[in-house]
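This report describes how the strands, helices and side chains of one protein model are arranged. The sequence and the structure are shown first, and the description follows.

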Amino acid sequence: MPLLTVTNLSKTFDEEPVVNHVSFEFEHGKTIALIGPNGSGKTTILRMLAGLLRPTTGTVQFNNRQSHEDYRSFIGYLPQCPIFYSWMSGQEFLTYCGELTLMPTDEANEVADRLLDKVGLYEVKDKRISTYSNGMKQRLGIAQAIIHQPKLLLLDEPVASLDPMGRREVLTLLGALKKEMTILFSTHLLMDAVQISDELLLLNKGCIVESGSKNELSAKYQTATIELEFYNNLEGYERKVQQLPSITNSYIKKNTLHVTTSNVTRAREEIFEAALHENWSLTHFTILPTSLEDLFMKGVTVT
């Protein structure tokens, strides 16, 4: 049974569609990355799922409840730019957040202690938030988002503004939290998404253009670039290689012929067979696999 089912979700501002008939679903215990360039609609989708924006059209069904039922008590949400009371300590802030969920003060204080330890801030729990680094603030923000033990954690660009150390700390924390709850987070950094997510939702111009696991998308779109070098007549060899059935594209750069193929094994066989029978002056052959990052940059998500 899906934890969340989104059907034809749309949002229009001033007659301009920002999110355009988006549909997806995912199960309990998954970590899902909503990936897309800036301005693709990621934040708007998360705000609608968190109940902070009313959709123009479409429905959101949570844990098999009716679409009109309020499920916000089961949601934890951290915006891209969270706001803290900088004069508070981390302990005071989390205790206050617990009290906002109607926890008794003693219980909220105990939960705050436990969460500060979980997110690696226990040693600085009594220091003012104004002294925290950006990475520490982000981990504190995640702690407040899960203080009520939500079933679904929504995070908007949780590592976008962090330095490499802060990014590593937050990604490590998310890797631990994914064992305890379902996580949906937005990012424009595909490498970070692939590192901790089970499934990817690729978004562009308000539309989901692809979805699936890393392995599924790699298998579906996997191509490779083959680098070829010859003694001479590079342009002539390019014309010959372009005639091979397995080759989809080619270009010359720095005295090297680059060809792309979706069937590496067949392309290698065809190139070597032609080189042998036609006595090509082939001096160099290298296969360079195309990564998922390359697919993202070349247009799987940019239409």
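In this predicted model, an open sheet of 6 strands follows the order E5-E6-E7-E3-E8-E9, and its pairing is mixed. Strand E5 (75–78) and strand E9 (207–212) form the edges; each has a single partner strand, so one side of each is left without a neighbour in the sheet. On average, neighbouring strands of this sheet are turned by 15° against each other, direction ignored.

Within this sheet, strand E7 (residues 182–187) is mostly covered, with 6 of its 6 residues buried. In a regular strand the side chains alternate between the two faces of the sheet. In E7, Thr182, Leu184 and Ser186 point one way, while Ile183, Phe185 and Thr187 point the other way, and all are buried. Strand E3 (residues 31–35) runs parallel to E7 and is joined to E7 by 5 bridges; here Ile32 stands opposite Leu184. E6 and E7 also run parallel and are joined by 5 bridges, and the bridge partner of Leu153 in E7 is Ile183. Between E6 and E7 the chain passes through helix H5 (residues 164–177), and this β-α-β crossover is right-handed.

Towards the E9 edge, the pairing sense is antiparallel: strand E8 (residues 199–204) and E9 pair in this way over 5 bridges. Asn204 has Cys207 in E9 as its bridge partner. The loop between E8 and E9 contains Lys205, which has a positive phi of about 50° although it is not a glycine. Lys205 counts as exposed, at 58% relative accessibility. Two further residues with positive phi can be set beside Lys205. Asp14, in the loop between strand E1 (2–13) and strand E2 (16–27), has a phi near 50°, a positive value in a residue other than glycine. Asp14 is exposed, with a relative accessible area of 76%. Leu102, just after H2, takes a positive phi of about 75°.

At the E5 edge, helix H4 (residues 134–145) lies across E5 and strand E6 (152–156), running at about 160° to E5. H4 is also a packing partner of helix H2 (residues 90–100): the buried residues of H2 pack against helix H3 (105–118) and H4. These buried residues are Gly90, Gln91, Phe93, Leu94, Thr95, Cys97 and Gly98.

Which residues have the most contacts inside the largest nonpolar core? They are Leu94, Leu140, Ile142 and Leu153, in a core of 44 residues. Not counting residues up to four places away in sequence, Ile142 touches Leu78, Leu153, Leu155, Val170, Leu173, Leu174 and Leu177. Another core, of 26 residues, lies apart from the largest one; among its members are Leu34, Tyr71, Leu152 and Leu184.

The structure also holds 10 aromatic pairs. A pair of aromatic rings is described by the distance of the centres and the angle of the planes. Two of these pairs involve Trp280 and are listed below.

| Pair | Centre to centre | Angle between planes | Class |
|---|---|---|---|
| Phe230 and Trp280 | 6.1 Å | 70° | edge-to-face |
| Tyr237 and Trp280 | 5.6 Å | 65° | edge-to-face |

The pair of Phe230 and Trp280 links distant parts of the chain: Phe230 belongs to strand E10 (residues 224–230), Trp280 to the loop between helix H9 (264–277) and strand E13 (282–289), and the two are 50 residues apart. Tyr237 lies in helix H8 (residues 234–242) and Trp280 in the loop between H9 and E13, so their pair ties together parts that are 43 residues apart in sequence. What places Phe230 and Trp280 in the buried class is a relative accessible area under 20%: Phe230 has 10% relative accessibility, and Trp280 has a relative accessible area of 8%. Tyr237 is buried as well.

Elsewhere, Phe62, Tyr71 and Phe74 form one aromatic cluster. Tyr71 is also among the residues of the core of 26 residues.

Technical notes: Residues numbered from 1 in each chain as written. Predicted model: local features only at pLDDT ≥ 70, side-chain atom pairs only at ≥ 80, totals over all residues. Heavy atoms only, no water. Pairing = 2+ DSSP bridges. Helix = DSSP H or I, 4+ residues; strand = E, 2+ residues; numbered from the N terminus. Axes fitted to C-alpha atoms, helices over the stretch in contact; angles between N-to-C directions. Contact = heavy atoms within 4.5 Å. Phe/Tyr/Trp six-rings, centres within 6.5 Å; stacked < 30°, edge-to-face > 60°. Buried < 20%, exposed > 50% of the residue type's maximum accessible area, 1.4 Å probe, protein only. Right-handed = clockwise from strand over helix to strand, strands pointing away. Core = buried A, V, L, I, M, F, W, Y, C linked by side-chain atoms within 4.5 Å.
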